[in-house]
Each structure stands twice: as structure tokens, then as C-alpha cells.
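Trainee: I'm new to this one and don't want a quick tour. Pick a single part, take me through it slowly, and then show me how the rest of the chain connects to what I've learned.

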Amino acid sequence: MSDEYWEGYARMLTDVCTTGRRLARDELESLRAEGERAAEGGHGLRALVRRHLAAAREVWPSLPEPGTDRALAAVEQAIDAFAEGHERAQKLAVRQEEAARREFIDDLLYGRSDLGRLAERAERFGLLLSRAHAVAVAQSDVPVDDTHPATRHVESALVARFGERRILLTTKDGRLICIAPGDQDDVLTFFAKQAHAATDGGRVAIGRPHPGAGGVVHSYEEALNALDLADRLDLDEPVLRSADLLVYPVLTRDRQAMADLVRNTLGPLQAARGGARPLVDTLTIYFDSGCVSAEAARRLNLSVRAMTYRLERIHKLTGADPADPVHRYTLQTAVIGARLLGWPESDV
């Protein structure tokens, strides 16, 4: 700060002490403005408060003794106004930084910006987009944002564990997101563990590593698709890796072909008493149990005899025997397709 400011500050204290007046409105506003400029210049508030007190001590011996109480009040007013301006500028800077960060996150995850410019902005937030990156997304029943306790908990845990690694933690659409270099799977694994606990059992999906700015978008979309698949297939794993779920996008790439398979293979089950749903669920549990009838019966709370009857009923209606290896593949693929397409509740 300039010598002119400190000289003016000393004159102001002397005048207040001599005349007995309070600081004028324009003087207070000038102090606030000076506080804003100091904050914009990167000057810390504690050091500036000490400097104001030191300047007051320098002029103190020259002040008329009867007016020292008024001088103390003026120092208090001056520092309060200066600090108000400094804090106002700091809050504005924080809001601007948050807005810039949010804009960058939106552009990064949706690929809406020039890639070269995006790469330059990424360095400011700790990412080097020349490297491959992977994205992990945590989702729970309760949406989270940047101020949510779960966000702060996970961020603190990541910083304590990995320090200054190039990791970006953010939120988007109520989900907690971690972006890390593709060769640092330990970061995303740790994030998944912390996010699952902090969100009271929320599910986490991890996309595959991909290079460049476009790779972040690709990995993010893979993680979102994995979460969507988990909901449609009723997967109960707390952590999903898109690399382990690649078969499902392949199965649904030709939606019409999958719909035909579901209708032709499982459509006859609609003629059963109670409709197709109980028998589709029976097949689902049967396949999930490794095609072990006793285990499937236990999971369905059925007797083995009742389970055997259901499998025979499925065989009779569809013409496909769940116990036959050749028929089993067709039936299991059709069951997966039914779960992905929401059949039989919705038409396909």
C-alpha cells in the first residue's frame, strides 16, 4: 500500500482527535475501497491490521491528550471499514472462482469447449489433459453438492491420503465426482470406498481411462451408464467398473434385435397364471445362483419341488430348457434383455 494512504490515515486520526468528530461517511467508504484494493492485490488482512495499529502508535505521541479516547474509537472504525472492504473483495473473488470452476466442470464433462482452451484451463484446476484420465461417480438417495458434509469428508480423506496428486473432486447433478489420472487406479478405488461410506451406502461407478479432454467425457459417460445399468438390472455391488459391464452395451446396441429376442423367447410366459413376471424372476434368480436349483429355491423361499415345477413350466411354455446348456444361453440373454428393457411391465 502507498505511503500516501498511510499519511492520509495519520492525518485523519489527528483531525478526529483534535476536533472530536467521528469518521465521515466518505472516509469510511474510502477505507472500504482501500480494503478491496488491498485484497485484490493479494495482501493479507492480519498484516494490514497490524500495520494500521502500528501507524496509530506512530502518531499517538503527537495527539492531544484529551482526545485519545476519540482516537481509539476512530482506529476501531477505520479498521472495521477497511476489513469490511477486504472481506467483501475476498467473497467476490471466491464467488468468481467458484463460477469459473463450475463453468470449467460443465465444459469438461460435456465437452462443450474448444479442447485447446479447455486444456489450458484444466491446469489451473490441477489436471493435465495430455494424460489419460478416468472418472468415478458416486450416487446416493440424497443429492450432494459442494457444501455437503459428504463432499468435505471425501475431499479431506483424499488430500490426507494423496496430498498434491493431480485429482479433481467436484459435484454434478447431485452426484459426487472424482477425476484422476488413468494410471492411478488406487485414487479412484480409495475414492469409491470413502464415497460409499460418506453417502451412507451410495453406489459408485468407475469409468475406463481415456486420453485427452474428450477422454474425460467418455469415462464420465461410462460411469453414468454403469449406474443406470445397475438400477435397471438391480445389481447390488457397491462399486461398479464399466470395464466389467461391457457386455451389456453390446447386448443393447441393437435394441430392436434384443426386443425381438425377448418377445420371441419369453413372450409365451405371459400365458402363465399370474403373468410373466414371476417366471422371469425365477429365471433371474436361477441364473444368478449358478443354475443350482436348490440355491435358487432358497433365495426364492420355495421348496425344491416348487422350483423344479416352475422350471418345467418355463420349458413347456417357451420350448427352451433352462437346464440345457444350449437353451440356457438364449434364455439368460433374453432375461438380461428383459431387465434392460423393463419387460414385461413395458412393451418392447
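Mentor: Let's start with a term: a polar contact is a pair of N or O atoms within 3.5 Å, where one must be able to donate a hydrogen and the other to accept it. Keep in mind as we go that this is a predicted model.

With that in hand, look at His210, which sits in strand S5, residues 210-211. The side chains of His210 and Glu222 make a polar contact at 3.2 Å. His210 is also buried, because its relative accessibility is 12%, and buried means under 20%. Leaving out residues up to four places away in sequence, His210 touches Arg131, Ala132, His133, Gly215, His218, Ser219 and Glu222. Notice that Glu222 turns up again in that list.

Now try the same kind of reading on Asp145. You'll find Asp145 in the loop between strand S1 (132-139) and helix H6 (149-162). At 40% relative accessibility, Asp145 counts as partly exposed. A polar atom of the Asp145 side chain lies 3.0 Å from the backbone nitrogen of His148. Beyond its neighbours within four places in sequence, Asp145 is in contact with Thr151 and Thr171. Here's a nice example of folding bringing pieces of chain together: Asp145 and Leu176 are 31 residues apart along the chain, and their C-alpha atoms are separated by 7.5 Å.

Next, the part I'd like you to spend time on: helix H1, residues 3-19. How does its length hold up? At 1.5 Å a residue, the 17 residues of H1 should span 24 Å, and the end C-alpha atoms are indeed 24 Å apart, so the two agree. The buried residues of H1 are Tyr5, Trp6, Tyr9, Ala10, Met12, Leu13, Val16 and Cys17. Because those residues cover an arc of only 155 degrees around the axis, they lie on the same side of H1. The face turned away from that buried side carries exposed residues, namely Asp3, Glu4, Arg11 and Thr18. After H1 comes Gly20, with a positive phi near 80 degrees.

The buried side of H1 is also a good place to meet aromatic rings. Two rings pair if their centres lie within 6.5 Å, and by this rule the model has 6 aromatic pairs. Take Tyr5 and Trp6: their ring centres are 4.9 Å apart and the planes meet at 75 degrees, so the pair is edge-to-face. Both of these residues are buried. Compare the pair Tyr286 and Phe287, which is tilted, with 5.7 Å centre to centre and 55 degrees between the planes. Tyr286 is buried, at 3% relative accessibility, and Phe287 is buried too, at 8%.

Back at H1, ring pairs link Tyr5, Trp6, Tyr9 and Phe82 into a cluster. Trp6 has another partner as well: Arg51 lies over the face of its ring, 4.4 Å from the ring centre.

Since we've just visited Tyr286 and Phe287, look at Thr284, which lies in helix H11, residues 277-288. Thr284 counts as buried, because its relative accessibility is 11%. Not counting residues up to four places away in sequence, Thr284 touches Val335 and Arg339. Follow the chain past helix H14 (325-341) and you come to Pro344, in the segment after that helix. Pro344 is joined to Trp343 by a cis peptide bond, with omega at about 10 degrees.

Finally, remember the positive phi of Gly20? Asp173 has a positive phi too, about 55 degrees, although it is not a glycine. Asp173 lies in the loop between strand S2 (168-172) and strand S3 (175-181), and it is exposed, with a relative accessible area of 55%. Asn301 is another residue other than glycine with a positive phi, near 60 degrees. Asn301 belongs to the loop between helix H12 (293-300) and helix H13 (304-318), and at 72% relative accessibility it counts as exposed.

How values were computed. Residues are numbered from 1 along each chain as its sequence is written. This is a predicted model: local features need pLDDT of at least 70, side-chain atom pairs count only at pLDDT 80 or more; totals for chains, interfaces and linings use all residues. Side-chain values use heavy atoms; hydrogens and water are left out. Rings of Phe, Tyr and Trp (its six-membered ring) pair if their centres lie within 6.5 Å; planes under 30 degrees apart count as stacked, over 60 as edge-to-face and the rest as tilted. Buried means under 20% relative accessible area, exposed over 50%, partly exposed in between (1.4 Å probe, protein chains only). A charge sits over a ring if NZ of Lys or CZ of Arg is within 6 Å of the ring centre and within 35 degrees of the ring normal. Helices (H or I, at least four residues) and strands (E, at least two) are DSSP runs, numbered from the N terminus. The expected span of a helix is 1.5 Å times one less than its number of residues. The arc is that of the directions from the helix axis to the C-beta atoms. Contact means heavy atoms within 4.5 Å.
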